[in-house]
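Trainee: Hi! Could you walk me through this one? I've only just opened it.
Mentor: Happy to. Let's put it up on the screen first.

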Amino acid sequence: MRMKEKIQALLDEAETIKFSTVEAVEQYRIRLLGKKGELNDLFEAFKQLEPAMKKEMGVALNRLKTAAQTAVEQAKEAFENQGGVAKETPDMTRPVETGLGHRHPLSLMREEIIDIFGKIGFVVWDGPEIEDDWHLFSALNFPPEHPARDMQDTFFVEKRGGADDVALRTHTSSVQIRMMESQRPPIRAIFPGRVYRNEAISARAHCFFHQVEGLYIDKNVSFADLRETLLHFAKEMFGADTKIRLRPSYFPFTEPSAEMDIACTICGGKGCHLCKHTGWVEILGCGMVDPAVLENCGIDSKIYSGYAFGMGVERMANLKYRVNDLRLFSENDKRFLMQF
């Protein structure tokens, strides 16, 4: 029996089952919800599914689990309230049975991004969340007067002044610097991680969020390479028919710089509230690595060139799962998390 059909059959049973004895309730609980029960087998099979099927099957499995637990709890309560039926004495030696947890939507999105870039040769690098001024700002070509150095945007751990400042990282670009300092080209890596900004918490902004940045350094790397890489990513993430556009922008560490939009996934480019009736939604920033940044890391900019890009994981999750409030990702509301 196919997984979907089996889940539906068990769900129909859970929603209609009637018990004649307390023993029958316990037998049903062990068969379906026990450690070696049918539901556990289904969750094991769920791990092997293709990513495209996991969302639908995950929702169905959670619905089945809730229905079965409800049927057992209601039956036990009914038998306990019947006259002449002794209340079961709980077995205090029985191991505690807990339900299987859910992958957080941001974890699911992060892994999907890593998987897409991993298939075209990008490795994963990580770095510290508390950074010094050099790796966070100076090596990335941020001038001393840049607004990102202001305390309104950055959480400083130690505000000593200039090069001696220590802060919570505001982007994972600092990990790019650490990699370029320690590795010789060719470099092809992505840098997922949590970052921090001194911003008011709202539906559209938070004081911490998650990024995935990418870096490719080699001989003769061009802007065309960057565009084709990002087009591949967009099609893998949002579908083969996805269209992109690149708009000129400015970042201190890339030149030229651009912001990338995709055709709105809700209206298909016709215009709606999500895209503000433009037909396009911004998803990331990118550009060619500024030669000064390469030189700061000891890489000869006359021989090597490269591109970099960065995206917000929450932004991707908003578009993929159609979540319109950033706060939901960090409030641990089970009603929200169980949908994934």
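Trainee: How far is the sulfur of C286 from the closest cysteine sulfur?
Mentor: The distance is 19 Å, and that closest sulfur belongs to C297. This is too far for a bond. Keep in mind that we're looking at a predicted model.

Trainee: And which cysteine sulfur is closest to that of C297?
Mentor: The one in C286, again at 19 Å, so a bond is ruled out from that side too. With a cut-off of 2.5 Å between the sulfur atoms, the count of disulfides is zero.

Trainee: Are those cysteines buried or exposed?
Mentor: C286 has 2% relative accessibility, so it counts as buried. C297 is buried as well, at 5%. The cut-off for buried is under 20%.

Trainee: Does C286 have a bridge partner, and which residue in β10 is it?
Mentor: C286 is partnered with F309 in β10. Another pair between these strands is G285 with G310. Strand β9 covers residues 280–289, and β10 covers residues 305–312. They run antiparallel and are joined by five bridges.

Trainee: What sheet are they in, and in what order do the strands come?
Mentor: They're in an open sheet of seven strands, ordered β1-β5-β6-β10-β9-β8-β7, and its pairing is mixed. The edges are β1 (123–124) and β7, which have a single partner strand each, so one side of each has no neighbour in the sheet.

Trainee: Remind me, what do strands of a sheet pair through?
Mentor: Backbone hydrogen bonds, and the strands can be either parallel or antiparallel.

Trainee: OK, on to β8. How many of its residues are buried?
Mentor: Eight of the ten residues in β8 (residues 254–263) are buried, so the strand is largely enclosed by the rest of the structure. Strand β9 is mostly covered too, with eight of its ten residues buried.

Trainee: How many bridges does β8 make with β9?
Mentor: Eight, and the two strands pair in the antiparallel sense. You can find A263 partnered with W280 in β9, and I262 opposite V281.

Trainee: What about β8 and β7, how many bridges there?
Mentor: Seven, also in the antiparallel sense, with β7 spanning residues 244–251. I262 turns up again here, as the bridge partner of I244. A hairpin of two residues connects β7 to β8.

Trainee: Which strands does helix α10 touch when it packs on this sheet?
Mentor: Helix α10 (residues 313–321) touches β6 (208–218), β8, β9 and β10. Its direction makes about 60° with that of β10.

Trainee: Now the other sheet. What order do its three strands take?
Mentor: The order is β2-β4-β3, in an open sheet with antiparallel pairing. At the edges you'll see β2 (130–132) and β3 (156–158), each pairing on one side only. From one strand to the next, the twist averages 35°.

Trainee: How many bridges join β2 to β4?
Mentor: Three bridges join β2 to β4 (residues 166–168), and they run antiparallel. For a pair to look up, E131 stands opposite A167 in β4.

Trainee: Switching to helices. How does the reach of α1 fit with its number of residues?
Mentor: Helix α1 (residues 3–16) has 14 residues and reaches 20 Å between its first and last C-alpha, close to the 20 Å expected at 1.5 Å a residue.

Trainee: And which residues are buried in α1?
Mentor: Those are M3, I7, L10, L11 and A14. They cover an arc of only 105° around the axis, which means they lie on the same side of α1. The buried residues of α1 pack against α2 (22–33), α3 (38–46) and α4 (51–81).

Trainee: One last helix: how far apart are the end C-alpha atoms of α5?
Mentor: They're 20 Å apart in α5 (residues 105–118), which agrees with the 20 Å that its 14 residues should span at 1.5 Å a residue. The buried residues of α5 are P105, L106, M109, I113, I114, I116 and F117.

Trainee: Thanks, that gives me places to start looking!

Methods
Residues numbered from 1 in each chain as written. Predicted model: local features only at pLDDT ≥ 70, side-chain atom pairs only at ≥ 80, totals over all residues. Heavy atoms only, no water. Buried < 20%, exposed > 50% of the residue type's maximum accessible area, 1.4 Å probe, protein only. Helix = DSSP H or I, 4+ residues; strand = E, 2+ residues; numbered from the N terminus. Pairing = 2+ DSSP bridges. Expected span 1.5 Å × (residues − 1). Axes fitted to C-alpha atoms, helices over the stretch in contact; angles between N-to-C directions. Arc of directions from axis to C-beta. Contact = heavy atoms within 4.5 Å.
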